[in-house]
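User: Please take a close look at one part of this model, the surroundings of a single loop residue and the elements beside it. Then work outward from there to the rest of the chain.

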Amino acid sequence: MTVLHWFRDDLRLSDNPALNHASQSAKTAYVYILEEDEAASALGGAAQVWLHHSLSALNQQLDGNLLLYKGCAIDILPELMGALDAKMLTMTRRYHQAGVKTDSEIREILAAQGKSASVISGNLLWEPEEITKQDGTPYKVFTPFYRRGCLNAQPPRIPLAAPALDHAPIISHNALPLEALRLLGGADWQTNITKDWNISEKGGHARLQAFAAASSNDGINDYVDGRNFPARTNVSRLSPYLRFGQISAHQAWHEAGKNKSPEDKQLDIFRSELGWREFSYSLLHFNPDMKTNPLQKRFASFGWAEDSEHLKRWQRGQTGYPIVDAAMRELYQTGYMHNRVRMIVGSFLVKNLLLHWHHGEAWFWDCLFDADRANNSAGWQWIAGCGADAAPYFRVFNPVTQGQKFDPDGTYTRRFVPELQDMPNKFLFNPWDAPKDVLRRAGVQLGQNYPQPIVEVKASRQRALDAFADLPKSKI
DNA sequence: TTTTGAGTTGTTCGA
DNA sequence: GTCGAACAACTCAAA
């Protein structure tokens, strides 16, 4: 008997409960479908590049047995199951509305043919319906969700070893070569952005181990403080691997805890970041329209500004605020952005420029390797203030102070804004305040080789505070 | 049942 | 320079 495992965002062999299930007492076939129906809002450019390399690596792990298709899963799968004479389909549970709908349709179609489809949880530490308040409704605030909800529930499973796979005989049945998925775009860009990453399950584990076993002032061992500094190497950089399932959250949870007391502060804070991912997925599960609609309905008619020139300058890293520009250029050049500066650029777009968070969500979706339906929407709603958040409306990041505080020697900023290479630290984050001779010696001509600030911090902050104060009071 | 206190990531102002 | 207070309104759970 043959079982078909449909890989989606679980591109790994180890700790993959659905794949384990498939491999028990059966020969296994494997498929990935680049879904082109409404089940998958199209992947962004960076995520496509990541996916290309991921599929290539996974196919190697499967000895060349991964079947690739492009199109509509409910058309492709029943036919493929027939060609393979497969009696069962396995897949890892997903949480976005269109995907959930596709999966239940598949199940019905196969059931009508006397075949089965198993949707098996594997990508979250806790399933959304497990973590609710006493009254059964979902949490809306992170801390009680995580501390009271998650940490009092069943602890995350010990990761499973990769199963011994008995490949079904290859019946390719019109499968496509990887190149036919056309996931790679422009030549220079896509080779440059992948050079720092080993895009594979193995690469994910190497990253995780390096993070977990780092020396005392690196990786997890100085996570609490170090994670705030974009020039330092304390964040895990696991997000793209988690996004595509090349490592599981369970593997990250347990590997990070090796040789550490469960009460260890560094470990606790890192795990709580995994908790934020859980929270985002819970929000997506209970609010299927989270990508487009604000969680707080009072934001529905908020008076966002319209300014395509400002938006373009934000996207290109030409705002005249060095920390913002460094971060936006990091994103565009590398497909990644450090978490601290994600908050700074988000606050700048939504508060200082007063542009709709949709614009930020869409740009991150296109540019980030780790663009994740749950995290991206939840994160943008959080920074916009319309999401699930206990934080005050007046939290507006100051791009000058944030730069001085979290990139004090300018290492990060100068790396991505080389125009300011020779600007002294004192004026690096506010070059418009620098005396003329300082600018001249640094070779900076504002408005010529580095932009003047596109808005003024104090005035734009006040404009945002006024606009937010005008919101209807009730969050509901 | 009601009250109380705290809540990822901040800034500014005035003492 | 440092430090505490003020900047709302609502969620959630413990007292």
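Analyst: Asp-85 counts as exposed, because only 11 C-beta neighbours lie inside 10 Å and the cut-off for exposed is 12 or fewer. The model is a predicted one. Asp-85 sits in the loop between α3 (73-84) and β4 (86-92). In sequence Asp-85 and Thr-2 are 83 residues apart, yet their C-alpha atoms are 6.7 Å apart in space.

Strand β4 comes next, and two of its residues can be described. Thr-90 is found in strand β4. Thr-90 counts as buried, because it has 26 C-beta neighbours inside 10 Å and 20 or more are needed. Setting aside residues up to four places away in sequence, Thr-90 touches Val-3, His-5, Ala-18, Leu-19, His-21, Ala-22, Ser-118 and Ile-120. Thr-90 and Ser-116 are 26 residues apart in sequence and 8.6 Å apart from C-alpha to C-alpha.

The second residue is Leu-89. Its contacts, leaving aside neighbours within four places in sequence, are Leu-4, Trp-6, Leu-77, Met-81, Ile-106, Leu-110 and Ala-117. The largest nonpolar core has 121 residues, and Leu-89 is among those that touch the most other members, along with Leu-4, Val-31, Ala-46 and Ala-327.

Two of the contacts of Leu-89, Ile-106 and Leu-110, are also buried residues of helix α4. The 16 residues of α4 (97-112) should span 22 Å at 1.5 Å a residue, and the end C-alpha atoms are 23 Å apart, which agrees. The buried residues of α4 are Gly-99, Thr-102, Asp-103, Ile-106 and Leu-110. Around the axis they cover an arc of only 100 degrees, so they lie on the same side of α4. That buried set packs against α3, β4 and β5 (116-120). On the other side of α4, Ser-104, Glu-108, Ala-111 and Ala-112 are exposed. Just after α4, Gly-114 has a positive phi of about 75 degrees.

A positive phi is also found in a residue other than glycine at Asp-15, where the angle is near 45 degrees. Asp-15 belongs to the loop between β1 (2-7) and α1 (17-23). Asp-15 is buried, because 24 other C-beta atoms lie within 10 Å. His-173 is another non-glycine residue with a positive phi, near 40 degrees. The loop that holds His-173 runs between α5 (142-149) and α6 (187-194). With 15 C-beta neighbours inside 10 Å, His-173 counts as partly exposed.

On a wider scale, chain A is divided into domain 1 (2-123), domain 2 (124-157 + 201-286) and domain 3 (297-469). The centres of domain 2 and domain 3, taken over C-alpha atoms, are separated by 26 Å. Between these two domains, 16 residues of domain 2 are in contact with 18 residues of domain 3. On the domain 2 side, the elements that give two or more residues are α9 (239-244) and α11 (265-286). Helix α11 gives the most to that side, with five residues. By class, the side of domain 2 that touches domain 3 has nine nonpolar, three polar and four charged residues.

Helix α9 also appears in the surroundings of α7 (201-212). The twelve residues of α7 reach 16 Å from first C-alpha to last, close to the 16 Å expected at 1.5 Å a residue. Its buried residues are Glu-201, Gly-204, Arg-207, Leu-208, Phe-211 and Ala-212. Seen down the axis of α7, they fall within an arc of 125 degrees, so they line one face of the helix. The cover over this buried set includes α2 (45-61), α9 and α10 (249-257).

Another helix to set beside these is α14 (339-352). Its 14 residues should span 20 Å at 1.5 Å a residue, and the end C-alpha atoms are 19 Å apart, which agrees. Eleven of the 14 residues of α14 are buried, so the helix is largely enclosed by the rest of the structure. The buried residues include Arg-340, Ile-344, Phe-348, Lys-351 and Asn-352. Among the elements that cover them are α12 (308-316), α13 (322-334), α15 (357-367) and α21 (457-469). After α14 comes Leu-354, with a positive phi near 55 degrees.

Note on methods
Residues are numbered from 1 along each chain as its sequence is written. Chains are lettered from A and ligands numbered from 1 in the order in which they are written. This is a predicted model: local features need pLDDT of at least 70, side-chain atom pairs count only at pLDDT 80 or more; totals for chains, interfaces and linings use all residues. Helices (H or I, at least four residues) and strands (E, at least two) are DSSP runs, numbered from the N terminus. The expected span of a helix is 1.5 Å times one less than its number of residues. The arc is that of the directions from the helix axis to the C-beta atoms. Two residues are in contact if their C-beta atoms, placed from the backbone, lie within 7 Å. A nonpolar core is a set of buried Ala, Val, Leu, Ile, Met, Phe, Trp, Tyr and Cys residues joined through C-beta atoms within 7 Å. Domain bounds come from an automatic or database domain assignment. Ala, Val, Leu, Ile, Met, Phe, Trp, Tyr, Cys and Pro count as nonpolar, Asp, Glu, Lys and Arg as charged, and the others, Gly among them, as polar.
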